[in-house]
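Please take a moment to look over the sequence and the model below. The paragraphs that follow go from the overall form of one chain to two helix pairs and then to the contact between chains.

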Amino acid sequence: MFYRENGQFKTTYKSDQQVFAIPQDRWAILAIIAFAFLGIPLLVDEYIFRAILIPFLILSLAALGVNILVGYCGQITLGAGAFMAVGAYAAYNFLIRVSGMPALGAILLGGLTAAAVGIVFGIPSLRVRGLYLAVATLAAQFFCDWAFLRVKWFTNDSSSGSVSVADISLMGWTINSATDKYLFCLGILVVFSLMAKNLVRSAIGRQWMAIRDMDVAATVIGIRPMYAKLSAFAVSSFYVGVAGGLWGFVHLGSWEPAAFSIDRSFQLLFMVIIGGMGSIAGSFFGAAFIVILPIFLNQMLPLIGGLFGLEVSIALVAHVEIMVFGALIIFFLIVEPHGIARLWSTGREKLRLWPFPH
Amino acid sequence: MKSSKLAGAIAAIGLSAVLASPAAFAAEEQFFPVIAYRTGAYAPNGTPWANGYVDYLKLTNARGGVNGVKLIWEECETAYATDRGVECYERLKGKHGGATVVQPLSTGITFALTEKAPVDKIPLITAGYGRSESQDGSVFAWNFPLLGTYWMGADVLVQHIAKKEGGFDKLKGKKIALVYHDSPYGKEPIVLLQERGKMHGFDVQLLPVAHPGVEQKATWLQIRQSKPDYVFLWGWGVMNSTSLKEAQATGYPREKMYGVWWAGAEPDVKDVGEGAKGYNALALQHGAEKDSKVVKEVLEKLHAKGQGTGPKEEVGDVLYMRGLISSMLAVEGMRAAQGRYGKGKRITGEQMRWGLENINLDQKALDAMGLAGVMRPVQTSCLDHMGSAWARIHTWDGKKWNFSSDWYQGDEKVLRPMVINAASKYAEDKKIVRRTPDDCKK
């Protein structure tokens, strides 16, 4: 009804090639962004900010990075946690070792360092594919775990291997309160998502997709696999590294290598698989599913139990949470193997044909 | 239709949650968040701790509260994961008029909350864990590693083996292996052992074990090769019993193994049983205290009426007692704060901090609480957030833990400079100004 393109004519290439070609989409996205910047700070309390929204934003950014590599370029990675760790520790070192380094600068430099490390660990992708590549990237995970636990220089000789950063600021704006942190992460996420959206529509993005769909054919039409694959590793690791920096600086404030363990790598890969491979929006859906759902279940189960007059113990809640969460993952993978993003786009198709969907 | 009903039900639940949350706290109540873990790899150790913690809160209420103020609490499950711990903290800190003290029972969560505590003005008690330098209250204004830090623990262990060998000079040329959980927790004692090693000329061999610690074959192979004179075990959860099994398999004498207080409880040795016989561990003041008066009171006032937490048989076990005493310290901090800011009143986080800095439990107070023989007197101050540096060793005889040493005190001459140095470095990094004596009086 509202979602109909009839009568919308594109008269210039520019209007045909814009990011969101359909005005409804464009307005909806703008409205969502405006609401996220202006509306949410007025509505939610500190708990929602610190425990749900900030982790969601940061992990969305990381999932976006993983999606570029896994979803768009078809290179399976299990090293995302490692690249987050590189981003976080590199940013930490830039911050404390370079005097006058602004926090944002340190985070971005941390991202660049992660990109460099990503290229190094991406080299095996030139020879091995699929599951074998996943195993090769697993090496990145173990190597980084080892490096940050053992090499004292990275952690500034802290006796316990844990590092922390003082309050961060951006051009005089001290990022201290939950709202500040949220806005800071949101700002970065919006810029980076826009970049990603444009990147995947550009020549390089199309090269990635060509490599993903059939690398032999892509080579035949003149795409250099080395350049395409390594650039995907670099861009992806940059995103993931920036997310790692934010996770350490903004969310945790103080962290140890365990914050970026192999569990984190799996979590990010699952976000992409559940959210939707090769879809920017899918990264957000996946992050929401993995971050918010367990906390939601954890809080709702005692209340649901209360409705039936049952006293639900905290251990039982934790166990049921894991079971329901697992069941939901399987449910979504059966109902929609292409991820939640596909459900969303199917829904959109139906909306366009409304009231006679078929 | 079906889905709209479901949506309605969910909305109703959400609404009831919103309505229920500003619960009436007309009667004076003090909220204690319980950040615990009863699931995950460390559940066997986390569960008795949480049971003891909650039981003491219940017992305090059964005794009539703190000057009439009832204690209320809510539990949140972390599964020992740092991010879930932070989520729990954020969830609970504002509830029921606000949390005034947290005890996360995880060094990782402690590190993360150390950053948040000064902002939220909620004191963080880490009884027997956390950062060792946080003993310095003039820098770590909100951290309270009450009763012991890992540096102090390691120091006591070195003193004990020196005594066994017949003096510190006999330690020269000896080799001590540290088998540790590869996390901030396990790494804490390294600096102290190296410092002591330099002083007395013994070698420290570092053997990290990755989380959760079930894979230790390589570690014990190294021990078999290097034959250290002593093995210090800095493990948690399943890692401890695995170490003991490996020691048994390797043939390393259990009598020469010394664990930290987190490696000296029933879940660590029970599975190994006779195989762990002779294994020693630090006792953070108390051991298993089945015969103490407070345990009898818990059994009588709570478990006999079916109001106890967890199984009755575990009341008085080592980790249960640890939880109970952690809880007791928080309650006593609250009592001290009430003494200054008004008896029978709810206190704030800042007042709680003052209370925790002015805990003074002498023998008489301990006797009154039924803790005679369980622990020594504790006195904290603004500068010393540990309160007591005394510990003993207990030994597993195949069935239960028995004390096997006198009391030792951590050596101030060694510890103090290290604490001050590390705290100063932290203050410098974080641009914290040390509190002055005037500030302490506030």
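In chain A, what share of the contacts with a separation of 6 or more comes from residues 24 or more positions apart? The model is a predicted one, and in it such residues account for 75% of those contacts in chain A. The secondary structure of this chain comes to 14 helices and 4 strands. With a radius of gyration of 21 Å, close to the 21 Å that the globule rule gives for 358 residues, chain A is therefore as compact as a globular protein of that length. Its C-alpha trace spans about 65 × 65 × 45 Å along the principal axes, and 45% of the 358 residues of chain A count as buried.

Two packed helices are described by the angle between their axes and the distance between the axes. Within chain A, helix α4 (residues 80–97) packs against helix α10 (residues 225–252) at an angle of about 60°, and the two axes lie 7 Å apart. Because an angle of 65 to 115 degrees would be needed for roughly perpendicular and one under 35 for roughly parallel, α4(A) and α10(A) are oblique to each other. The crossing of α4(A) past α10(A) is right-handed. On the α4(A) side the contact includes F83(A), M84(A), G87(A) and Y92(A), while α10(A) contributes residues among them V240(A), G244(A), W247(A) and F249(A). By class, this contact has 13 nonpolar and 6 polar residues, with no charged residues.

Chain B offers another helix pair, in which helix α5 (residues 150–165) of chain B packs with α14(B) at an angle of about 155°, their axes being 11 Å apart. Since angles over 145 degrees count as roughly antiparallel, α5(B) is roughly antiparallel to α14(B). Here too the crossing, that of α5(B) past α14(B), is right-handed. W151(B), M152(B) and D155(B) of α5(B) make the contact with V414(B), L415(B) and M418(B) of α14(B), and these residues divide into 5 nonpolar, no polar and 1 charged.

The helix α14(B) also leads to the contact between the chains, which takes 29 residues from chain B and 26 residues from chain A. On the side of chain B that touches chain A, the elements giving two or more residues are α1 (2–20), β2 (70–77), α3 (82–93), α4 (107–120), α6 (184–200) and α14 (412–430) of chain B. This side of chain B has 9 nonpolar, 7 polar and 13 charged residues.

Key
Residues are numbered from 1 along each chain as its sequence is written. Chains are lettered from A and ligands numbered from 1 in the order in which they are written. This is a predicted model: local features need pLDDT of at least 70, side-chain atom pairs count only at pLDDT 80 or more; totals for chains, interfaces and linings use all residues. Two residues are in contact if their C-beta atoms, placed from the backbone, lie within 7 Å. Ala, Val, Leu, Ile, Met, Phe, Trp, Tyr, Cys and Pro count as nonpolar, Asp, Glu, Lys and Arg as charged, and the others, Gly among them, as polar. Axes are lines fitted to C-alpha atoms, for helices over the stretch in contact, and angles run from 0 to 180 degrees between N-to-C directions. A crossing is left-handed if the near helix is turned anticlockwise from the far one by less than a right angle, and right-handed if clockwise. The radius of gyration is taken over C-alpha atoms; the globule rule is 2.2 Å times the number of residues to the power 0.38. A residue is buried if 20 or more other C-beta atoms lie within 10 Å of its own, exposed if 12 or fewer, and partly exposed in between; C-beta atoms are placed from the backbone.
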